[in-house]
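User: Could you take a close look at the salt bridges in this model for me? I would like one connected walk through them and their surroundings.

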Amino acid sequence: MAKRNYLVEGLSGTGKSSVCDELIRRGYRAISTDRAWAYHADPVTGLPGASAHHDNWMWDEQKAVSELESPEPDVLFVCGSSRNRDHFLPYFHKVFNLRIDDAAMLRRLEERT
């Protein structure tokens with residue numbers, strides 16, 4: 001396992017993807033779970049193919065555990081969240097929860113493509 005796994009999470013529009021991109025720019029290993037691990041699945045069975053909804057946004061266990069248990073790099077930042085993220089909490093040394101004010105969040109969500 002990486003010496004330090006850090007989870008960066010927050011509601012939609014709080015800046016998780018921007019933080020991930022900045023960490024990569026600064027030379028850290030960072031994963032955007034929306035890009036690398038997540039899929040829509042049945043919350044009970046974990047089988048893919050469920051309709052697109054935040055209640056069934058899940059991390060692929062095999063992909064996540066493979067990255068989280070890897071000895072390299074020394075520090076890994078995981079940016080995102082999912083319905084089943086609690087299952088992975090033992091892999092993280094710290095969790096950072098991003099928060100912004102409601103007006104900024106609404107503006108960011110409206111500006112999304």
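Which side chain does arginine 35 meet in a salt bridge?

Analyst: Happy to. Please keep in mind throughout that this is a predicted model. The side chain of arginine 35 meets that of aspartate 21 in a salt bridge, with 3.2 Å from N to O. Arginine 35 belongs to helix α2, residues 33-36, and aspartate 21 to helix α1, residues 16-25, so the pair ties together parts that are 14 residues apart in sequence. The partners are not equally open: arginine 35 counts as exposed because its relative accessibility is 55%, while aspartate 21 is partly exposed because its relative accessible area is 39%.

Now for the wider set. A search of the whole structure finds eight salt bridges. As a general point, side chains of opposite charge can pair when their charged atoms come close.

One of the eight joins arginine 29 to glutamate 67, with the closest N and O atoms 3.1 Å apart. This pair links distant parts of the chain, since arginine 29 sits in strand β2 (residues 29-32) and glutamate 67 in helix α3, 38 residues apart. Arginine 29 counts as partly exposed because its relative accessibility is 35%, and glutamate 67 is also placed in the partly exposed class, at 26%.

Strand β2 is worth a short detour, as serine 32 is found there too. Serine 32 has a relative accessible area of 7%, so this residue is buried. Leaving aside residues up to four places away in sequence, serine 32 touches Ser17, Cys20 and Cys79.

Another salt bridge brings together the side chains of aspartate 74 and lysine 3, at 4.0 Å from N to O. Here aspartate 74 lies in the loop between α3 (61-69) and β5, and lysine 3 in the segment before β1 (4-10), so the pair ties together parts that are 71 residues apart in sequence. Aspartate 74 counts as partly exposed because its relative accessibility is 39%; lysine 3, at 54%, counts as exposed.

There is also a network of salt bridges, which links Glu9, Arg85 and Asp86.

For another look at the loops, consider leucine 89, which lies between β5 (75-79) and β6 (94-98). Its relative accessibility is 29%, so leucine 89 counts as partly exposed. Not counting residues up to four places away in sequence, leucine 89 touches Leu7 and Val95. The C-alpha atoms of leucine 89 and tyrosine 6 are separated by 9.8 Å, although these residues are 83 positions apart along the chain.

Finally, helix α1, where we met aspartate 21, returns in the largest pocket. About 650 Å³ of space lies in this pocket. It is lined by 28 residues, and the closest to its centre are Gly10, Leu11, Ser12, Gly13 and Lys16. The elements that give two or more residues to this lining are β1, α1, α2, β6 and α4 (102-111). The largest share comes from α1, with three residues. By character, the lining residues divide into six nonpolar, 14 polar and eight charged.

To come back to your starting point, the salt bridge between arginine 35 and aspartate 21 ties together α2 and α1, and both helices give two or more residues to the lining of the largest pocket.

How values were computed. Residues numbered from 1 in each chain as written. Predicted model: local features only at pLDDT ≥ 70, side-chain atom pairs only at ≥ 80, totals over all residues. Heavy atoms only, no water. Helix = DSSP H or I, 4+ residues; strand = E, 2+ residues; numbered from the N terminus. Buried < 20%, exposed > 50% of the residue type's maximum accessible area, 1.4 Å probe, protein only. Contact = heavy atoms within 4.5 Å. 1 Å grid on protein atoms, 1.4 Å probe; cavity = no way out; pocket = protein on both sides within 12 Å on 5 of 7 lines; lining within 4 Å. Points joined across faces, edges and corners; volume = space filled by probe spheres on them. Nonpolar A, V, L, I, M, F, W, Y, C, P; charged D, E, K, R; others polar.
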